[in-house]
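Walk through this structure one region at a time. Keep the coordinates open as you read.

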Amino acid sequence: MSKIILTNIEPGLNANSSEMANVVIQRLGLMPRKKGSTEKMHCVLVALYERAKIATREKDPKQSIMTVENMGVSAGITRQTMYEYLRRWLELDLIIKTSYIDEWNKVVIGYKLNGNTIEQAFERARKKVHKHLDETSKYVIEMQKLLKNEKISDSVNRKN
């Protein structure tokens, strides 16, 4: 996992869905790091969810896929800049890359929520973070053993 910065921002009183989406994006570390780059990254999450709902309702999985261009438009940034932000979304397993063939037999590559709902996608992200923390826990245990053994070894060497 590359650098993910989790924040502890809280929603305001009587927050609407847009504010809540912004809080979720910030808490997951998916906001742009550069101040002022875009304040609309949460719109991508909302758009992905809306597309997933339409795809489910119309029983057409293609409807859930969003191209990078569309994601950039939702976030108010260029396609190239959106590609840079996508890496973190993918690393958290919040979205997945997918493709389909359109009516002109062209392959369309895009991204969709990694689940039918934001909640399901978030659960996958949560599992990814938990797995990372579990691995780190093993390293902590190993580090503690090494520190203890090195200390014992040093004391034995000093006696000799």
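The biggest share of the lining of the second largest pocket comes from α5, which gives four residues. The model is a predicted one. The helix α5 covers residues 118-159. Both α1 and α5 supply at least two residues each to this lining. The pocket holds about 160 Å³ of space. Which residues line the second largest pocket? They are L6, V23, V24, R27, L28, F122, A125, R126 and V129. By class, the lining is made of seven nonpolar residues and two charged ones, with no polar residue.

Take one lining residue, V23. V23 sits in helix α1. Is V23 buried or exposed? Its relative accessible area is 8%. The cut-off for buried is under 20%, so V23 counts as buried. Beyond the residues up to four places away in sequence, V23 touches I9, E10 and P11. For a long-range distance, pair V23 with Q120. The two are 97 residues apart in sequence, and their C-alpha atoms are 17 Å apart in space.

The segment before α1 contains N14. N14 is not a glycine, yet its phi is positive, at about 55°. Relative accessibility there is 79%. Exposed means over 50%, so N14 counts as exposed.

Now move to helix α4, residues 79-91. How far apart are the end C-alpha atoms of α4? They are 19 Å apart. The helix has 13 residues, and at 1.5 Å a residue these should span 18 Å, so the two values agree. The expected span multiplies 1.5 Å by one less than the number of residues. The helix also has a kink of about 30°, and Y85 is at its centre.

Y85 is also one of the buried residues of α4. The others are M82, L86, R88 and W89. An α-helix has 3.6 residues a turn, so residues three or four places apart point the same way. With that in mind, look along α4 from M82 through Y85 and L86 to R88 and W89, the buried residues. What covers them? The cover includes the helices α1 (17-27), α2 (42-58) and α3 (68-75). It also includes the strands β1 (95-101) and β2 (107-113). Just after α4 comes D93, with a positive phi of about 65°.

Next, the strands. I96 is placed in strand β1. With a relative accessible area of 30%, I96 is partly exposed. That value falls between the cut-offs of 20% for buried and 50% for exposed. Outside its sequence neighbours up to four places away, I96 touches L90, G110, Y111, K112, L113 and N114. Of these contacts, take Y111. I96 and Y111 are 15 residues apart in sequence, while 5.5 Å separates them C-alpha to C-alpha.

The loop between β1 and β2 holds N105. N105 is another residue to check for backbone geometry. Its phi is positive, about 60°, although N105 is not a glycine. At 67% relative accessibility, N105 counts as exposed.

Finish with the loop between α2 and α3. I65 is placed in this loop, and T67 is there too. Relative accessibility is 8% for I65, so I65 counts as buried. T67 is buried as well, with a relative accessible area of 17%. Which residues does I65 contact, leaving aside its neighbours within four places in sequence? They are R51, T98, Y100, G110, Y111 and K112. T67, on the same basis, is in contact with V108, I109 and G110. G110 thus appears in the contacts of I65 and in those of T67. G110 is also touched by I96.

One last distance links this loop residue to α4. I65 and R88 are 23 residues apart along the chain, and their C-alpha atoms are separated by 18 Å. R88 is among the buried residues of α4.

Definitions and conventions:
Residues are numbered from 1 along each chain as its sequence is written. This is a predicted model: local features need pLDDT of at least 70, side-chain atom pairs count only at pLDDT 80 or more; totals for chains, interfaces and linings use all residues. Side-chain values use heavy atoms; hydrogens and water are left out. The bend at a residue is the angle between axes fitted to the seven residues ending there and the seven starting there. Buried means under 20% relative accessible area, exposed over 50%, partly exposed in between (1.4 Å probe, protein chains only). Contact means heavy atoms within 4.5 Å. On a 1 Å grid over the protein atoms alone, a cavity is a set of points where a 1.4 Å probe fits but cannot get out, and a pocket is an open set with protein on both sides within 12 Å along at least five of seven lines; lining residues have an atom within 4 Å of a point. Grid points are joined across faces, edges and corners, and a volume is the space filled by probe spheres set on the points. Ala, Val, Leu, Ile, Met, Phe, Trp, Tyr, Cys and Pro count as nonpolar, Asp, Glu, Lys and Arg as charged, and the others, Gly among them, as polar.
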